[in-house]
Amino acid sequence: DLLAPGLLEVTDSGLFGPLVTEAFTACAAGIRYEANEQHLRWTAFLDQFLQRLTQDVTGPWFDQPSLRLPVTGIEAQSGETHNGRRRILRVSMSGGGAVAYTPRPPGGELLFLASDDSVFAFLNSLPPVTGPVDLPGLRCTTGSGPDRLEYTWQEWLEPPPAQSGLIRSAPGRRLVGTKLGRRQAERYWHRAGSLAAAAFRFGIADLGEGNVLSGTRPG
């Protein structure tokens with residue numbers, strides 16, 4: 001009842017693709033690659049994920065129609081391989097929703113972004129002084145077992161719809177990028193300014209390209 005049939009087949013490129021790609025890349029480059037060692041690490045990582053999913057999926061955080069069982073897809077993400085070579089997993093549920101499994105201790109997400117009882121949630125609730133503050137939020141939680149503080153579950157935010165268009169042109173050259181309507185642009189830059197101010201005040205210094213992502217959620 002936990003997983004859809006055939007979900008853990010080795011032919012599933014979404015799950016095993018990063019491991020296979022890594023091995024083929026090393027072979028093509030003539031670099032020594034410990035295939036057996038990496039295979040054991042990968043299967044141990046998946047075993048731990050399935051154990052945590054089994055113990056947590058019956059809890060209140062997953063109690064929404066969009067997150068009902070069985071799991072219909074598991075995709076390993078390309079980033080965050082520096083955490084013991086373990087990867088973030090995108091877990092798709094039969095109700096149409098998806099969550100992110102992050103195999104590292106919870107940090108900034110819970111402290112600053114959690115929808116309830118976080119720094120940003122508190123700031124958003126204060127009366128506006130120079131205008132409304134709309135800092136980002138993220139529905140997330142720790143696990144429920146003895147190792148609950150070693151990983152997190154987070155809502156998966158889908159990339160926003162593509163809004164690409166021509167920004168500037170010259171003879172033989174065209175600059176294409178994201179284009180927003182007036183109201184969308186005002187809201188986007190106001191929120192970006194609020195986030196920049198909060199990051200400066202709290203000393204958050206790792207807001208690089210891979211750490212600040214835009215996404216959408218129902219509503």
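**Why these labels? A walk through the structure**

Q: Which residues does Ser118 touch, leaving out those up to four places away in sequence?
A: With those neighbours left out, Ser118 touches Leu110, Leu111, Phe112 and Leu113. Keep in mind that this is a predicted model.

Q: Where does Ser118 sit?
A: You'll find Ser118 in the loop between α3 (108-113) and α4 (119-125).

Q: Why is Ser118 called buried?
A: Its relative accessible area is 7%, and the cut-off for buried is under 20%. Ser118 falls under that limit, so it counts as buried.

Q: What makes Cys27 exposed or buried?
A: The relative accessible area of Cys27 is 60%. Exposed means over 50%, so Cys27 is exposed.

Q: And how do you know which label Cys140 gets?
A: Cys140 has 12% relative accessibility. That is under the 20% limit, so Cys140 is buried.

Q: How many disulfides does a search of the whole structure find?
A: Zero. To count, a pair of cysteine sulfur atoms would have to lie within 2.5 Å.

Q: Where is Glu109, and what does it touch?
A: Glu109 is in helix α3. Not counting residues up to four places away in sequence, Glu109 touches Arg104, Ala114, Leu138, Cys140 and Gln154.

Q: Why does Glu109 count as buried?
A: Glu109 has 13% relative accessibility. The limit is under 20%, so Glu109 is buried. Arg104 is buried too, as both residues of this pair are.

Q: What makes the Arg104 and Glu109 pair a salt bridge?
A: The closest N and O atoms of Arg104 and Glu109 are 2.5 Å apart. A salt bridge needs the side-chain nitrogen within 4 Å of the carboxyl oxygen, so the pair qualifies. The side chains also make a polar contact at 2.5 Å, for which the cut-off is within 3.5 Å.

Q: How many salt bridges does the whole structure have?
A: The search finds nine. One of them joins Arg52 and Asp147, with the closest N and O atoms 2.9 Å apart.

Q: What makes the Arg52 and Asp147 pair a link between distant parts of the chain?
A: Arg52 is in helix α2, while Asp147 is in the loop between β4 (140-142) and β5 (152-155), 95 residues apart.

Q: Why does Arg52 count as buried?
A: Arg52 has just 2% relative accessibility. Buried means under 20%, so the label fits.

Q: What makes Arg52 and Glu150 a salt bridge?
A: Their closest N and O atoms are 3.4 Å apart. That is within 4 Å, so the pair counts. Here too the pair links distant parts of the chain: Arg52 in α2 and Glu150 in the loop between β4 and β5, 98 residues apart.

Q: Why is Glu150 called partly exposed?
A: At 43% relative accessibility, Glu150 lies between the 20% and 50% limits, so it is partly exposed.

Q: Which residues do shared salt-bridge partners join into one network?
A: Arg52, Asp147 and Glu150.

Q: Which members of the largest nonpolar core touch the most other members?
A: Of its 24 residues, these are Phe49, Phe62, Leu89, Val91, Tyr101 and Trp153. At least two residues come from each of α1, α2, β1, β2 and β3 (98-102), and α2 gives the largest share, six residues.

Q: What does Tyr101 touch, not counting residues up to four places away in sequence?
A: Its contacts include Phe45, Phe49, Arg52, Leu89, Val91 and Trp153.

Q: What makes Asp12 a cap for the N-terminal end of α1?
A: A side-chain oxygen of Asp12 lies 3.1 Å from the backbone nitrogen of Gly14. Within 3.5 Å is the polar-contact limit, so this distance passes.

Q: Where is helix α1 kinked?
A: The kink in α1 (residues 13-29) is about 25° and is centred on Leu19. Leu19 is one of the buried residues of α1. Just after α1, Gly30 takes a positive phi of about 70°.

Q: Where is Arg86, and what does its side chain reach?
A: Arg86 lies in the loop between β1 and β2, and its side chain reaches the backbone oxygen of Pro103 at 3.1 Å.

Q: Why is Arg86 called partly exposed?
A: Its relative accessible area is 24%. That falls between 20% and 50%, so Arg86 is partly exposed.

How values were computed:
Residues are numbered from 1 along each chain as its sequence is written. This is a predicted model: local features need pLDDT of at least 70, side-chain atom pairs count only at pLDDT 80 or more; totals for chains, interfaces and linings use all residues. Side-chain values use heavy atoms; hydrogens and water are left out. The bend at a residue is the angle between axes fitted to the seven residues ending there and the seven starting there. Helices (H or I, at least four residues) and strands (E, at least two) are DSSP runs, numbered from the N terminus. Buried means under 20% relative accessible area, exposed over 50%, partly exposed in between (1.4 Å probe, protein chains only). A polar contact is a pair of N or O atoms within 3.5 Å; within protein, one must be able to donate a hydrogen and the other to accept it, and residues adjacent in sequence count only if both atoms are side-chain atoms. Contact means heavy atoms within 4.5 Å. A nonpolar core is a set of buried Ala, Val, Leu, Ile, Met, Phe, Trp, Tyr and Cys residues joined through side-chain atoms within 4.5 Å.
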